[in-house]
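Trainee: Would you please take me through the disulfides of this structure in detail? I am new to it and would value one connected account.

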Amino acid sequence: MRNYLVVICLLQASLVNCGVRPSFVSDEMIAIASSVVNACQVQTGVSTADIEAVRNGHWPETRSLKCYMYCLWENFGLVDHKKELSLNGMLTFFQRIPAYRAEVQKAINECKWLSKYMGNGDSCHYAYMFNKCYAGLSPKTYYLF
């Protein structure tokens, strides 16, 4: 049974993680993230097509995609006690990639306020608006797992 689950997880991860990704997003990172990605896909019901569309620059406005983005934040430990994106959590990740740190910090600062304002208290919409803003300001560092 366990081998069967591993095969399913690997198959789902390979379907979800196609498309272009930044060079610093390694195969190891994809493998580590796959359990969270799979759990969030199941929890939200997001389609692989919606995830791939975002990777290709198209932003479907489905509720499941929006909630998938928030689910990833929660499960990667990027949500603070106010249920908002943790600036420190995002920057901690990019400390390992100093070439992008200034760009990332600028994009996060600009998008956090804008997306919170436009999110109207809806965590899923807030995550979607942030991701869309961030992808526009820092396309070299954006990747939707």
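Mentor: Cys40 and Cys71 are joined by a disulfide, with 2.1 Å between their sulfur atoms; a disulfide here is a pair of cysteine sulfur atoms within 2.5 Å. Because Cys40 belongs to helix α2 (residues 27–44) and Cys71 to helix α4 (residues 63–75), the pair ties together parts 31 residues apart in sequence. Helices are DSSP runs (H or I) of at least four residues, numbered from the N terminus. The angle about the S-S bond is -85°, and the link of Cys40 and Cys71 is left-handed. Cys40 is buried at 0% relative accessibility, and Cys71 is buried at 3%; buried means under 20% relative accessible area, with a 1.4 Å probe and protein chains only.

The model is predicted: local features need pLDDT of at least 70, side-chain atom pairs count only at pLDDT 80 or more, and totals for chains, interfaces and linings use all residues. Residues are numbered from 1 along each chain as its sequence is written, and side-chain values use heavy atoms, leaving out hydrogens and water.

Helix α4 also holds Cys67, which pairs with Cys124 of helix α7 (residues 123–137), so this disulfide ties together parts 57 residues apart in sequence. Their sulfur atoms are 2.1 Å apart, and with 105° about the S-S bond the link of Cys67 and Cys124 is right-handed. Cys67 is buried at 18%, as is Cys124 at 10%.

Another disulfide joins Cys111 to Cys133, S to S 2.1 Å. Its torsion is about -80°, so the disulfide of Cys111 and Cys133 is left-handed. Both Cys111 and Cys133 are buried. The structure thus holds three disulfides, paired 1-3, 2-5, 4-6 when the bonded cysteines are numbered in sequence order.

Note on methods:
Helices (H or I, at least four residues) and strands (E, at least two) are DSSP runs, numbered from the N terminus. Buried means under 20% relative accessible area, exposed over 50%, partly exposed in between (1.4 Å probe, protein chains only).
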